[in-house]
Amino acid sequence: MKRFMIGQFDKFDDNKQARDFRDYFWGIEVNQMESLHELERLKENINKRNLKIGIHFPILKNQWRVRDLKKKA
């Protein structure tokens, strides 16, 4: 079974979608989007095409001061 996802990072890129997306792809993986506006564009595309979404934390850029736990020396 082919269940590939295309990644979208920073901004929703219509050109990347048109160039790289294949009919057998399962959905879109998203992380570090620039703004809520970009997430809205992504949501519209996902709904229109009946796709699934995968989230690679963090979903929005510059929201988390500490993303990973720090090791003590």
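## A tour from the first strand pair to the core

Select Gly7 and Glu29: Glu29, in strand β2, is the bridge partner of Gly7. Now follow the chain between the two strands. It leaves β1, passes through helix α1 (residues 14-20) and arrives at β2, in a β-α-β crossover that is right-handed. Keep in mind that this is a predicted model.

**The whole chain**

Zoom out and colour by secondary structure. The protein has two helices and three strands. Read from the N terminus, the order of elements is β-α-β-α-β. Buried residues account for 27% of the 73 residues. Next, switch on the surface. The accessible surface is about 6000 Å², and carbon and sulfur atoms hold 49% of it.

**Strand β1**

Select residues 5-9, which form β1. One face is covered, and Ile6 and Gln8 lie on it. Met5, Gly7 and Phe9 are on the uncovered face. β1 runs parallel to β2 (residues 27-31), and five bridges join the two. Pick Gln8 and look across to β2: Val30 stands opposite.

**Strand β2**

Stay with residues 27-31, which are β2. How many of the five residues of β2 are buried? Four are, so this strand is largely enclosed by the rest of the structure. Now turn to the partner that has not been shown yet. Strand β3 covers residues 52-55 and pairs with β2 over four bridges, in the parallel sense. Select Gly27 and find its bridge partner in β3, Lys52. Then select Glu29 again: Gly54 in β3 stands opposite Glu29.

**The sheet and helix α2**

Show the three strands together. They make an open sheet, ordered β1-β2-β3, with parallel pairing. β1 and β3 are the edge strands, each pairing on one side only. Look along the sheet for its twist, which averages 30° from one strand to the next. Add helix α2. It packs on the sheet and touches β2 and β3. The direction of α2 makes about 170° with that of β2. Select residues 36-49 to see the full helix; with β2 and β3, α2 makes a right-handed β-α-β unit.

**The nonpolar core**

Which residues form the largest nonpolar core? Select these 12: Ile6, Phe12, Phe21, Phe25, Ile28, Val30, Met33, Leu39, Leu42, Ile46, Leu51 and Leu60. β2 and α2 each supply at least two residues of this core. α2 gives the most, with three residues. In soluble globular proteins, nonpolar side chains tend to be buried together.

Some of these residues have already appeared on the tour. Ile6 is a core member and sits on the covered face of β1. Val30 is a core member too, and it is the residue opposite Gln8.

**Met33 and its contacts**

Centre the view on Met33, one of the core residues. What does Met33 touch, not counting residues up to four places away in sequence? Show Gln8, Phe9, Asp10, Lys11 and Phe12; these are among its contacts. Add Glu38 and Leu39, which Met33 also touches. Finish the set with Ile59, Leu60 and Lys61.

**Last view**

Draw contacts across the whole chain. Among those between residues at least 6 apart in sequence, 47% join residues at least 24 apart.

Technical notes: Residues are numbered from 1 along each chain as its sequence is written. This is a predicted model: local features need pLDDT of at least 70, side-chain atom pairs count only at pLDDT 80 or more; totals for chains, interfaces and linings use all residues. Side-chain values use heavy atoms; hydrogens and water are left out. Buried means under 20% relative accessible area, exposed over 50%, partly exposed in between (1.4 Å probe, protein chains only). Two strands pair if DSSP finds at least two bridges between them. A crossover is right-handed if, with the strands pointing away from the viewer, the path from the first strand over the helix to the second runs clockwise. Contact means heavy atoms within 4.5 Å. Accessible areas come from the Shrake-Rupley method with a 1.4 Å probe; for residues, only the protein chains shown count as cover. A nonpolar core is a set of buried Ala, Val, Leu, Ile, Met, Phe, Trp, Tyr and Cys residues joined through side-chain atoms within 4.5 Å. Axes are lines fitted to C-alpha atoms, for helices over the stretch in contact, and angles run from 0 to 180 degrees between N-to-C directions.
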